[in-house]
Amino acid sequence: MWREVCRVMIAEWLRVRKSRAMAAGLVTYLAVVAMFYLTYHLLVRRSFTGIPTGFYLSGSVLSAAVTSLEFAMTLIVAFSVAREFSAGTIQQVWVRPLSRMSWLSGKLLTSVVVLKVWWVLTLLFVLVVAGVQLGFSDLMEKEYLIHSAGSLWWALLLTVALTTLALAAEIGIVAVCALIIGNPGGTIAVAVIARFILQLASNWDLLRPLILPTYVTAPLGQFIAMSKGLPLPESWGHLTRTCLIGSLVWILAGWLWASWIVKRREVLN
């Protein structure tokens, strides 16, 4: 099975490498990240918001950029999966000696790899520029140490890891929408509307620990509060357990749901 998955991933990679839309999308996304950085840097320098440290600036830019990254990943998954159905090429793919599960696994894993590449590029850009301009030092209030640079670095790495896991879970859910709808435009519309509704629902304390967007925004919000020296909304241990377990549950649910749809389509065909 893994050999078939690798074949699908290689085919997807060749398609992505030759796609001008993918290259244009990456350039546009990085330009948006740069715009976010310039905006927050200007606000911090003029004391309109936050404090002038590399940690706060990095957290703020990453928090703003993650929404754009989510939308970009929605586009990538929608056109990777749903367009196979709308263009009618899925019949050609499924009549080959290739299992449906290998096809699905290759599609999802390729999307996860692209997500990680884009997210790492974002992180490297933000850390390098913020480090050069503001530096990453201890958070002090006069002579009182609030947070050491080491603890802030660990919190930032943990934030990035938890956010990456939650974004991977979102890929599976978007893939489910793509398999059900079978059209890129409809998939994008449903995914955007669903996330907006879930974002509103996250304002309810009862639902917040169960909703997938919480696992994306909560670690970033926690780190921003820490980088400003504010009281943390919750302990890092509790936040880590909630986001880790929640993201893994959503990943499993998305995979099982997508697998069931693919197998069911095979029966119906």
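**Exercise 1.** Is F55 buried or exposed?

Solution. This is a predicted model, so take the numbers as computed from it. F55 has a relative accessible area of 1%. Buried means under 20%, so F55 is buried.

**Exercise 2.** Work out how the rings of F55 and F136 are arranged, and which parts of the chain they join.

Solution. Start with the count: there are six aromatic pairs. For F55 and F136, the ring centres sit 4.9 Å apart, and centres within 6.5 Å make a pair. Next, the angle: the planes are at 65°, and over 60 counts as edge-to-face, so that's what this pair is. Now place the residues. F55 belongs to helix 3 (residues 54-86), while F136 is in the loop between helix 5 (100-133) and strand 1 (139-141), so the pair ties together parts 81 residues apart in sequence. Last, check exposure: F136, at 22% relative accessibility, is partly exposed.

**Exercise 3.** Do the same for F55 and W153.

Solution. Here the centres are 5.3 Å apart with 75° between the planes, which makes this aromatic pair edge-to-face. On the sequence side, W153 comes from helix 6 (residues 149-181) and F55 from helix 3, so the pair links distant parts of the chain, 98 residues apart. W153 has a relative accessible area of 30%, so call W153 partly exposed.

**Exercise 4.** Which residues form one aromatic cluster with F55?

Solution. Take F136 and W153 from the pairs above, then add F223: together with F55 they form one aromatic cluster.

Technical notes
Residues are numbered from 1 along each chain as its sequence is written. This is a predicted model: local features need pLDDT of at least 70, side-chain atom pairs count only at pLDDT 80 or more; totals for chains, interfaces and linings use all residues. Side-chain values use heavy atoms; hydrogens and water are left out. Rings of Phe, Tyr and Trp (its six-membered ring) pair if their centres lie within 6.5 Å; planes under 30 degrees apart count as stacked, over 60 as edge-to-face and the rest as tilted. Helices (H or I, at least four residues) and strands (E, at least two) are DSSP runs, numbered from the N terminus. Buried means under 20% relative accessible area, exposed over 50%, partly exposed in between (1.4 Å probe, protein chains only).
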